[in-house]
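Colleague: Could you take a close look at one part of this model for me, the second largest pocket, and then walk me through what surrounds it in the rest of the chain?

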Amino acid sequence: MTAPLIDPFQRPISYLRVSVTDRCDFRCVYCMSENMTFLPKKELLTLEELDRMCSTFIGLGVEKLRITGGEPLVRRDIMTFFRSMTRHLDSGALKELTLTTNGSQLAKFAGELFDAGVRRVNVSMDTLDEAKFADVTRWGRLPQVLKGIDAAQEAGLRIKINAVALKGFNEDELFRMTEWCAERDMDLTWIEVMPMGDIGNENRLDQYWKLSDLRARLAENYTVTDLPERTGGPARYVRLEETGQKIGFITPLTHNFCESCNRVRLTCTGELFMCLGQEDNADLRAALRNHPGDDAPLEEAIRAAIRLKPKGHDFDYSRQTVDGRVSRHMSHTGG
Ligand code: SAM
Ligand code: SF4
C-alpha cells in the first residue's frame with residue numbers, strides 16, 4: 001500500500017482544493033480588480049492534466065476534492081472533468097466531490113453535477129439586495145444566482161451559502177440572511193475578509209467585520225450553541241436552536257486553526273500551495289508534463305512538497321496594518 005501524505009507536523013493531508021481556472025464572470029471587490037489580466041491558456045493545466053493530477057493525489061490518500069477558482073463553472077467543458085472524477089467516487093477512494101461557485105451557471109449545470117456524484121455545493125452570496133449584489137460583485141446579477149440556487153435544490157444538491165462579512169455592507173442583513181437560509185433549509189457560513197492580492201483601492205481594514213461581533217449580534221436574537229464539529233479547516237460551527245440551522249464562521253484572522261489543517265491547494269497552473277497564507281509553493285506541472293505516462297516523479301514531487309508544509313499562516317490585523325499579506329489573488333489559489 002502507498003504511504004499516506006503526512007506533513008512534518010504529523011497532519012495527514014486528505015483534502016485537496018483545486019482551482020480549475022483563474023477566470024470569472026464576476027469581479028467581486030474583495031477578490032479582483034475591475035481590469036484583471038488572466039493567465040494565457042497554455043499556462044493552465046488541461047482537463048486531462050487536471051484528471052491526472054487529482055487522480056495521483058487520490059492515490060496518495062486524498063479523500064475530498066473541492067473544485068474552485070476563479071469561477072469553476074466558466075471553465076470550458078468542466079463537466080468532462082467532473083464526470084471523470086466520478087470513477088473515484090464509485091471506487092470508494094474519493095469520499096466527496098464538491099465545489100465552490102458564485103452560482104451564476106448553476107441553473108445550467110446543477111443536474112449534470114448531481115449526475116457526476118456531487119451532493120453538496122457552496123454558493124457564495126454576500127447580500128440579498130439586488131443593488132448591493134451588483135455593487136459588490138460588479139458584474140453579477142442576483143436573480144441569476146437565485147435561479148441557480150433553485151435549480152440546484154431541485155436537482156437534489158445540498159446548498160451552503162458562504163457570505164463574506166463586510167462592515168457597513170451586509171451587517172444590516174445578518175438576520176434577513178439567516179432567516180432566508182433557514183426557510184430554504186440551507187446552512188450559512190460567514191467568512192472574514194482576508195488580505196489577498198492587489199485589488200485596487202478597497203481598504204480591507206475598513207471592510208473588516210470581526211466575526212466575534214457578528215456572533216454576539218446573532219446571540220441577541222437566537223440561542224447559539226457551539227458545535228464540536230471540525231472539518232480540519234478554519235471553520236467553526238454553531239447551531240441556532242430556534243431554527244435548527246448550522247452557522248459557520250471562518251476566521252483565519254482572529255482564530256488560529258492551523259494545528260488541525262488537513263488541506264493543500266492546487267492552482268490552475270499546477271502550483272501546489274501548502275498553506276493559503278504563505279507564498280511557499282511547489283511546481284507540480286513540470287513533474288507532470290515532463291513525465292508523460294509515468295506518475296512516479298509527480299508522486300515524489302507531491303511528497304516533497306508536503307514535507308515543506310509550514311506550521312501556519314501569518315495573517316494579522318491586530319497591529320492595524322495588513323501584516324502577513326499575500327500578493328496573489330484568492331482566485332489564483334482558489335478560495
Ligand atoms: N468563484 C467562486 C465563488 O465565488 O464562490 C469560487 C472562488 S472564490 C475565490 C471562493 C471564496 O473566496 C468565495 O466565497 C469568496 O467570497 C471568497 N473570497 C474571495 N476573496 C476573498 C477575500 N479577500 N477574503 C475572504 N474571502 C474571499
Ligand atoms: Fe469571482 Fe468568486 Fe472572486 Fe467573486 S469571489 S470575483 S465570484 S472568483
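Modeller: Happy to. The second largest pocket is lined by Thr21, Arg23, Lys41, Lys42, Leu44, Leu45, Thr46, Val74, Arg75, Arg76 and Arg289. Please keep in mind that this is a predicted model. The space in this pocket comes to about 270 Å³. Sorted by class, its lining has 6 charged residues, 3 nonpolar ones and 2 polar ones. Among the charged ones you will find Lys41, Lys42 and Arg289.

From the pocket, let us turn to some cysteines. In an unreviewed entry, UniProt lists Cys24, Cys28 and Cys31 under "binding site". Cys28 sits in the loop that runs between strand E1 (15-19) and helix H1 (47-59), and the loop between E1 and H1 also holds Cys31. Are these two buried or exposed? Cys28 has a relative accessible area of 15%, so it counts as buried, the cut-off being under 20%. Cys31 is buried too, at 16% relative accessibility. Setting aside residues up to four places away in sequence, Cys28 touches Val136, Thr137 and Arg138.

All three of the listed cysteines also turn up around ligand 2, whose surroundings consist of Cys24, Phe26, Cys28, Cys31, Met32, Gly70 and Asn102. The makeup of that shell is 5 nonpolar residues and 2 polar ones, with no charged residues. For the lining of the second largest pocket, by comparison, the count of charged residues is 6.

There is another set of cysteines to look at. The unreviewed UniProt entry also places a "binding site" feature at Cys258, Cys261 and Cys275. These residues span 18 positions in sequence, yet no two of their C-alpha atoms are more than 9.1 Å apart, so they gather at one spot. Cys258 is found in the loop between E9 and strand E10 (263-266), and Cys261 lies in the loop between E9 and E10 as well. With a relative accessible area of 6%, Cys258 is buried; Cys261 is buried at 10%. Leaving out neighbours within four places in sequence, Cys261 is in contact with Arg11, Ile13, Gly232 and Lys309.

Strand E9 (246-250) brings us to helix H6, since E9 is one of the elements that the buried residues of H6 pack against. The helix covers residues 174-183, and its buried residues are Leu174, Phe175, Met177, Thr178, Trp180 and Cys181. If you wonder about the spacing of such a set, an α-helix has 3.6 residues a turn, so residues three or four places apart point the same way. Besides E9, the packing partners of these buried residues are helix H5 (142-155), strand E5 (158-165), strand E6 (187-192), helix H8 (211-221) and strand E8 (235-240). Just after H6 comes Asp185, which takes a positive phi of about 55°.

Finally, here is the chain as a whole. Its secondary structure comes to 11 helices and 12 strands. Of its 335 residues, 58% count as buried. Among the contacts in the chain with a separation of 6 or more, 73% are between residues 24 or more positions apart.

Terms used:
Residues are numbered from 1 along each chain as its sequence is written. Chains are lettered from A and ligands numbered from 1 in the order in which they are written. This is a predicted model: local features need pLDDT of at least 70, side-chain atom pairs count only at pLDDT 80 or more; totals for chains, interfaces and linings use all residues. Side-chain values use heavy atoms; hydrogens and water are left out. Buried means under 20% relative accessible area, exposed over 50%, partly exposed in between (1.4 Å probe, protein chains only). Helices (H or I, at least four residues) and strands (E, at least two) are DSSP runs, numbered from the N terminus. Contact means heavy atoms within 4.5 Å. On a 1 Å grid over the protein atoms alone, a cavity is a set of points where a 1.4 Å probe fits but cannot get out, and a pocket is an open set with protein on both sides within 12 Å along at least five of seven lines; lining residues have an atom within 4 Å of a point. Grid points are joined across faces, edges and corners, and a volume is the space filled by probe spheres set on the points. Ala, Val, Leu, Ile, Met, Phe, Trp, Tyr, Cys and Pro count as nonpolar, Asp, Glu, Lys and Arg as charged, and the others, Gly among them, as polar. UniProt positions are given in the numbering used here, feature names are shortened, and annotations may be inferred rather than shown by experiment. A residue is near a molecule or strand if one of its heavy atoms lies within 4 Å of it.
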